[in-house]
Amino acid sequence: MAKKNVVIGYLGSQLDSGLGAGRWEKWRPTISLVAQPDVVVHRLELFHAPQHVALARQLSEDIAKLSPETEVRLIPMPAEDPWDFGEVYATLYDWVRAYRFDTTREQYWAHITTGTHVAQICMFLMVEARFIPGVLLQTSPPRKQREGEMGTMTLIDLDLSRYDRIAQRFQAEQHDAVAFLKSGIATRNARFNGLIEEIERVAVQSRAPMLLAGPTGAGKSFLARRMYELKQSRHQLDGAFVEVNCATLRGDGAASTLFGHKKGSFTGAMADRAGLLRTADGGLLFLDEIGELGLDEQAMLLKAIEEKRFLPVGADREVASDFQLIAGTNRDLRAEVAAGRFRDDLFARINLWTYSLPGLRDRPEDIEPNVDHLVQQVGRESGRAVRFNAEAKVRYLAFAQSGRAPWSGNFRDLSASVTRLVTLAEGGRIGLPLVEAEIARLEWLWEREAPVAAPSTGEGLMSALLDAEAIDAMDLFDRMQLSAVLGVCAAAGSMSEAGRALFQASRQARAVVNDADRLRKYLLKFGLSWDRVAAAR
């Protein structure tokens, strides 16, 4: 059984006006509703101001002539000021909340052509909030006004999945925003692209803290600034972008730098200082390497995030700052919490949206588009047009995407490498000899770093032995336990020695002691062997 059509709308005191015979020669939007050849309006809920009751009755009589099947209900909507948003909204809201909608038998159209602009906006809000469970209805006059021409009507469904034109615009805008976050680089890594798409949605829809994890040079700072610029372009932020590396904050100066201080609060405090949190009021604060903050500063930061208020050093009164926080870290903050070096309540507060940015060597397919982008960028900055020749580019990418290139500095290494190539290119061409020289330079640099980069801790060994997906799939308990076991293995000279250290208590109660076998079986649970562990130390 087809549902009945119910229209809810305002009387147009100007557009619907007319009491004489001439009224039939003009376009009247409410009349056009019932005069559409293929649409039947079964009921019309018509709001009108008390002073327009005569016009409302005349309109009801005219509708009865054109569409006898349409029931017209005249509803007085008293409002002292029809342009007062609060008054109009409250009056409409009260009526809607008392109205008995029957969505199983009726479908509802909210007419937004008539009424003051304030009334039209309020009607839109009622539909958008689903207080009126229907769609918007817009009527339009004919291009040429002739007697009998009733114009057109359009139904507008605010569900974007069904309103294709708006949905297409929305999708295009989202695509542009994702490209903006990536600086227009056509990255190919599926995991990274999916991560950036979700970050875009969160960035434009949420003001909650965000945590960006990943190795040094993975682009955390760059991405935080791009998110700020995206939100600023959407008029979601009007304050500044404030960035600080927490590793540079030490001792008494850390609290002063972040939260400010009062003059004379400590030796050397010659004047009041606002602090970075107040500087970021209305904007975005990026705290890189947040795991380096001291516990006292962590407690103060938690209060500032939750209450938007904090106490500067030496002050008697709190100050306010409404900032959005993005934090960055190259540490596993879960392990830091377990070790007592990071507050669990602060971690819980900033862990709502956590994203782990992969390093460059985990995205080999993205090296080529980033190289192309950097060549153009560095060339523009130097005022030169520079290009690879075909053979040189193949050679450079083959090395860059191989296991010989660890990219320990991630994009900092890549940017420095491309900058050298562009700067030294003769005649605007990067040739094979220049690429060979650059490869030799990179190998020399990474060879010097190798002793420092070798994993010597349990966490480092785990990262070297297992891929990121396997680690992410582990429970925190298993990850912490495996990290501790690998730490013991790293310090032991043999599997038996590591076994004795790990099972020093329970081995005393065993009749047959085989600590090495117990360790071997434990490692096997994670697909590891002693030989692999020993080789990676």
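The paragraphs below go through the nonpolar cores, the aromatic pairs, one pocket and one helix of this predicted model.

The largest nonpolar core has 30 residues. Within this core, the residues with the most contacts are Leu-258, Leu-277, Leu-285, Leu-287, Ile-290, Leu-301 and Ile-350. Both helices and strands contribute: α8 (252-259), α9 (276-279), α10 (295-307) and α12 (344-350) each give two or more residues, as do β8 (241-245), β9 (284-288) and β12 (324-329). Leu-285 shows how such contacts are spread along the chain. Apart from neighbours within four places in sequence, Leu-285 is in contact with Leu-276, Leu-277 and Ala-280, with Val-242, and with the run Phe-323, Gln-324, Leu-325 and Ile-326. A second core of 27 residues is separate from this one, and Val-378, Val-386, Phe-399 and Trp-407 are among its members.

Aromatic residues can be followed through their ring pairs. A pair of aromatic rings is described by the distance of the centres and the angle of the planes. The model has 15 aromatic pairs. One of them joins Phe-101 and Tyr-108, with ring centres 4.9 Å apart. The planes of Phe-101 and Tyr-108 stand at 85°, and an angle over 60 degrees counts as edge-to-face, so the pair falls in that class. The two partners differ in burial class: Tyr-108 counts as buried because its relative accessibility is 2%, under the 20% limit, whereas Phe-101, at 23%, counts as partly exposed. Both belong to a cluster linked by ring pairs, together with Tyr-10, Phe-47, Trp-95 and Tyr-99.

Empty space is the next topic. Rolling a probe the size of a water molecule over the atoms shows where such space is left. The second largest pocket holds about 670 Å³. Its lining is made up of 27 residues, and those closest to the pocket centre are Gly-217, Ala-218, Gly-219, Phe-222 and Phe-411. Four helices give two or more residues each to the lining of this pocket: α6 (190-205), α7 (220-233), α13 (367-382) and α15 (411-424). By class, the lining of the second largest pocket has eleven polar, ten nonpolar and six charged residues.

The last stop is helix α20, which spans residues 495-502 and contains Ala-501. Is Ala-501 buried, partly exposed or exposed? Its relative accessibility is 46%, so Ala-501 counts as partly exposed, a class that ends at 50%. Ala-501 and Ser-206 are 295 residues apart along the chain, and 49 Å separates their C-alpha atoms.

Technical notes. Residues are numbered from 1 along each chain as its sequence is written. This is a predicted model: local features need pLDDT of at least 70, side-chain atom pairs count only at pLDDT 80 or more; totals for chains, interfaces and linings use all residues. Side-chain values use heavy atoms; hydrogens and water are left out. On a 1 Å grid over the protein atoms alone, a cavity is a set of points where a 1.4 Å probe fits but cannot get out, and a pocket is an open set with protein on both sides within 12 Å along at least five of seven lines; lining residues have an atom within 4 Å of a point. Grid points are joined across faces, edges and corners, and a volume is the space filled by probe spheres set on the points. Ala, Val, Leu, Ile, Met, Phe, Trp, Tyr, Cys and Pro count as nonpolar, Asp, Glu, Lys and Arg as charged, and the others, Gly among them, as polar. Buried means under 20% relative accessible area, exposed over 50%, partly exposed in between (1.4 Å probe, protein chains only). A nonpolar core is a set of buried Ala, Val, Leu, Ile, Met, Phe, Trp, Tyr and Cys residues joined through side-chain atoms within 4.5 Å. Contact means heavy atoms within 4.5 Å. Rings of Phe, Tyr and Trp (its six-membered ring) pair if their centres lie within 6.5 Å; planes under 30 degrees apart count as stacked, over 60 as edge-to-face and the rest as tilted.
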